[in-house]
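The following exercises are intended for a reader who meets this structure for the first time. Each task is followed by a solution that proceeds step by step.

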Amino acid sequence: MATPMSASTFVAALKKEGVKVSEKYSGWRTHNRNHVGAWGGINGVLIHHTAGRDSRALCYNGRSDLPGPLCHTHLAKDGTATMISSGRANHAGTAARNAFNAVVNESSTHPHPSASSGTVDGNAHFYGIEIENLGTSKDPYPAAQYDAAVRWAAAICRHYGWSADSVVGHKETSIEGKPDPSFDMTKFRRDVAARLKGSAGSGSVTGTEKEIENMDKKTAYTTFWTGDYAAPKTASTVKENPTWMPISVLVGNYEQTSRARDDIAELAKQVSELTKQVSELSKKVK
């Protein structure tokens, strides 16, 4: 078991790994649930998806039935990691003992969580990240977001000297059948392991140009056109609609162009009619 990082050490480790860190919530360093249970020793890293949109405030404040913080870091679509807590957080719940032991032993295999093996207070032992995603096949993880998630997990593993097998998904530990995250954790651990082979902060965004070239057309289409990206700051609706999908922008532009074309055609008809009237008046004046 390892000693929890201080808030400053946590931030420094993430930044060194190349994570874009936001400290939007000034009180995040002391925002925790340490008064209700243990925090540490630390044994691993737990990956979640939010199962909703615009979940950052929810992650910080929690719900009436589940007080915040609900994770240690919230990860936006553009890869911005907002710090939520550096202490105990309500994110892991009850973990199966067999799944927990696999993390402690850094096993290369992660068994299906079994309640019959016993249980562990996951909130005491795992750092957790909430990745903004609906958790459906229609909501992809943009390359910048996925890369930031890999870096976030690698930063913690690098700090403690752990391998990528200390990283697990909530679906791999929960006795309640949690489905998150919606991506393949075996691949995610491979990506974390690849990062750990290099120096902190090295490398480029996960999902290189070559990988994109090798995508089938449907995956490439979904990855780019239906991903959520930050809306222009000057947009009149940016507060209520902070992220836009390229496909929505394209359709919206088409609709606006079509309306403009119809308006121009109508104006052309009116100009033509006015020109005809002016011509007739000119003849009468003569």
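**Exercise 1. Determine whether Pro4 counts as buried, partly exposed or exposed, and describe its surroundings.**

Solution. Pro4 has a relative accessibility of 25% and therefore counts as partly exposed, where buried means under 20% relative accessible area, exposed over 50%, and partly exposed in between (1.4 Å probe, protein chains only). The model is a predicted one: local features need pLDDT of at least 70, side-chain atom pairs count only at pLDDT 80 or more, and totals for chains, interfaces and linings use all residues. Residues are numbered from 1 along each chain as its sequence is written, and side-chain values use heavy atoms, with hydrogens and water left out.

Next, locate the residue: Pro4 lies in the segment before H1. Helices (H or I, at least four residues) and strands (E, at least two) are DSSP runs, numbered from the N terminus. Then list its partners. Apart from neighbours within four places in sequence, Pro4 is in contact with Trp39, Gly40, Ile42, Tyr127 and Tyr160; contact means heavy atoms within 4.5 Å. Finally, consider distance: Pro4 and Ser86 are 82 residues apart in sequence, and their C-alpha atoms are 8.2 Å apart in space.

**Exercise 2. Describe the chain as a whole, beginning with how many helices and strands it has.**

Solution. The chain has 9 helices and 10 strands. Its radius of gyration is 26 Å, well over the 19 Å that the globule rule gives for 286 residues, so the chain is more spread out than a compact globule. This radius is taken over C-alpha atoms, and the rule is 2.2 Å times the number of residues to the power 0.38. Along the principal axes, the C-alpha atoms fill a box of roughly 100 × 45 × 35 Å.

Of the 286 residues in the chain, 42% are buried. Among contacts with a separation of 6 or more, 71% come from residues 24 or more positions apart.

For confidence, use pLDDT, the predictor's confidence in each residue, from 0 to 100. The chain has a mean pLDDT of 90, and 90% of its residues reach 70 or more. Over residues 205-214 the pLDDT is below 50, and this stretch has 10 contacts in the model beyond near neighbours in sequence.

**Exercise 3. State at what angle helix H1 and helix H5 pack, and which residues make the contact.**

Solution. H1 covers residues 7-16 and H5 covers residues 143-160; they pack at about 120 degrees, with axes 8 Å apart. Axes are lines fitted to C-alpha atoms, for helices over the stretch in contact, and angles run from 0 to 180 degrees between N-to-C directions. From H1, the contact is made by Thr9, Phe10, Ala13 and Leu14, and from H5 by Trp152, Ala155, Ile156 and His159. Sorted by class, this contact has 6 nonpolar, 2 polar and no charged residues. Here Ala, Val, Leu, Ile, Met, Phe, Trp, Tyr, Cys and Pro count as nonpolar, Asp, Glu, Lys and Arg as charged, and the others, Gly among them, as polar.

**Exercise 4. Identify which peptide bond ends at Gly41 and is cis, then examine further backbone features.**

Solution. Most residues other than glycine have a negative phi, and most peptide bonds are trans. The bond from Gly40 to Gly41 is cis, with omega near -5 degrees, and Gly41 lies in the loop between strand S1 (20-22) and strand S2 (44-49). Asp180 and Pro181 are also joined by a cis peptide bond, with omega about 0 degrees. Pro181 belongs to the loop between strand S8 (167-169) and helix H6 (185-197).

Turning to phi, Ala51 has a positive value near 65 degrees. Ala51 sits in the loop between S2 and helix H2 (56-61) and is exposed at 51% relative accessibility. Glu106 also has a positive phi, of about 50 degrees; this residue is partly exposed, with a relative accessible area of 30%.

**Exercise 5. State whether Pro179 is buried or exposed, and name its contacts.**

Solution. Pro179 is exposed, with a relative accessible area of 56%, and is placed in the loop between S8 and H6. Leaving aside neighbours within four places in sequence, Pro179 is in contact with His49 and Lys171. The C-alpha atoms of Pro179 and His49 are separated by 8.9 Å, although the residues are 130 apart along the chain.
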